[in-house]
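Opening the notebook on a new model today. I want to look at one residue's surroundings, then the cores, then a helix pair.

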Amino acid sequence: MPLDDRTTAVPADSAAGTALAGTTDADPTSTGTGTTRTGTTSTDTADAGSAFADTADAGAAPPAGAAPAGTADARAGTGSTWSALRPLLLRLHFYAGLLIAPLLLVAATSGLLYALSFQAEKIVYRHELQVPVGDRVLPLSAQVAAARAAHPDATVTAVWPSPEDGATTRVLMTGPAVEEGRSLAVFVDPYTADVRGALPSYGSSGALPLRTWLSEFHANLRLGEPGRLYSETAASWMWVVALGGLALWVGRRRTAGRALFLPGRGLTSRRRTLSWHGSVGLWAVAGLVALSATGLTWSRYAGENIDAIQTRLGGATPTVSAALDPAAAGPDAGHEGHGAGHHTAPTPEGPDIGIDRAVEAARDAGVAGRIAVTLPAEGQGYVIKETDTQYPVHLDAVALDPADGTVVDELRFADHPVLAKLTRFGIDAHMGVLFGLANQLVLAALMVALLLLVLWGYRMWWLRRPTKERRLSAGRPAPRGAWRRVPVTLLLPLAAATALVGWFVPLLGISLLVFLAVDLLLGRVARARTRTRPSA
């Protein structure tokens, strides 16, 4: 019998282990959407071989409390908007699940490790980070002098004073032996000026080697610029998969509201997996979409479009100007990310009030608490920034003339544009620093949820994997041609929106075109086989 036959009869006991075309599927707490439990399907039914399809075991008895078999769902009735869109969503969810899910699996694994790395750093580098609390904190100048003495070939660029009792001061240095884009962080005991050690440091959050390695693996698989294509593709598709899955799960007919939010009881095999897949996805969808959106701000192509629109809307992140000659100050269009916060080596000339008086002047200007001090460079003054990214944030900054400590420029976080604030909050939440440990635990939970969703999706596909007769097939999604049933008044805006999103998020658009091309090719191959194969 031809594989494209849409009225293939399926024995009731074959649904869980075969991938025969057209087998139907119901909600774990219902009987389906306008179909009957006879094993015979129509063009509206979902594919039994789908990796992430909104399907369950055909031929299985409905659980207690389910609606009678064969009743129609108003939302899925013939000619309704939902019945037209549902096959499209199923097909998109199938291909994205089968082909993009491996990228999401890597991103989730590396993201989970990164979320846990903040606490791991405190253990692995506790000797460098922590010291016994002393009686008196020495001047910063004495601590900087100790770091210079320990590393005479390096140049001090910035200082992060001890943020709390028992924490070391970080003196950031650059030099011939320091990798580009990194700083050498020298850890100094603020009570004794003893040097506790030195480690490479990366980014505005001061990531040490463990977290840096995991951050780069998460961002680009440690392959540099080419590796960023993986993370951008994953971020480009994650919100599509998440929102598509949400629509499919919420759009299912069910009599018990509990089944929407919690896994069904008394289910077995694939229907139990589907129940867990849907309910866990429902709870995780908001967080996954947020991670997808904030992750795209770091991306190569979509990130450029986001920056351009943010700038046009007047939401670019402002920066404090440390130029001593105002005419020399130029616009800074940089976008702070994992690697922001490094400066060129200073070459001070002329009088200098010193770091201790500069910190006092900044405190008088309202910049205090957890701070980072950038030393003067040629034509540049001191820049002293608050670095408390934990909500409620303290991120004010001032620039001081090193000759007398007068304020050259100041920037209050309260004066940032709303879009700049939202961008900052989103980035910090994505990095796990906005709400401290709670933030990191939520990130870890989301990554575990994403891992489970991907694995459950593949398990559902495996339970209805291709049979020996179709060993070259990966299973089939919802039947082709479903778009023809979408009303023109909906199809045209949907196509326009898809094109616009594909342009704005280029890797999403390109990969979607590849999916369509492959799908068209497979369709031609299937039709050719159908024409040459004798009828059963």
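**Around Ser-117**

I started with Ser-117, which touches Arg-211 and Leu-214 once residues up to four places away in sequence are set aside. This is a predicted model, so I only read local features where pLDDT is at least 70. Ser-117 sits in helix H2. Is Ser-117 buried or exposed? Its relative accessibility is 1%, and the cut-off for buried is under 20%, so Ser-117 counts as buried.

**Cores**

Next I pulled up the largest nonpolar core, which has 38 residues. Trp-237 and Leu-288 have the most contacts inside it. The elements giving two or more residues to this core are H1 (81-99), H2 (101-124), H6 (228-250), H8 (269-296), H9 (302-312), H12 (436-463) and H14 (506-532). Which of them gives the most? That is H12, with 10 residues.

I then clicked on Leu-288 and listed its partners, again leaving out residues up to four places away in sequence. Leu-288 touches Met-238, Ala-242, Leu-446, Leu-450 and Leu-453.

Another core, of 27 residues, lies apart from the largest one. Its members include Val-144, Ala-147, Ala-154 and Met-173.

**H13 against H14**

Last, I looked at how H13 (residues 488-504) meets H14. Their axes come within 4 Å and cross at roughly 120°, so I noted H13 and H14 as oblique to each other. On the H13 side I found Thr-498, Val-501, Gly-502, Trp-503 and Phe-504; they meet Pro-506, Leu-508, Gly-509 and Leu-512 in H14. I sorted the residues of this contact into 6 nonpolar, 3 polar and no charged.

Notes
Residues are numbered from 1 along each chain as its sequence is written. This is a predicted model: local features need pLDDT of at least 70, side-chain atom pairs count only at pLDDT 80 or more; totals for chains, interfaces and linings use all residues. Side-chain values use heavy atoms; hydrogens and water are left out. A nonpolar core is a set of buried Ala, Val, Leu, Ile, Met, Phe, Trp, Tyr and Cys residues joined through side-chain atoms within 4.5 Å. Buried means under 20% relative accessible area, exposed over 50%, partly exposed in between (1.4 Å probe, protein chains only). Contact means heavy atoms within 4.5 Å. Axes are lines fitted to C-alpha atoms, for helices over the stretch in contact, and angles run from 0 to 180 degrees between N-to-C directions. Angles under 35 degrees count as roughly parallel, over 145 as roughly antiparallel, 65 to 115 as roughly perpendicular and the rest as oblique. Ala, Val, Leu, Ile, Met, Phe, Trp, Tyr, Cys and Pro count as nonpolar, Asp, Glu, Lys and Arg as charged, and the others, Gly among them, as polar.
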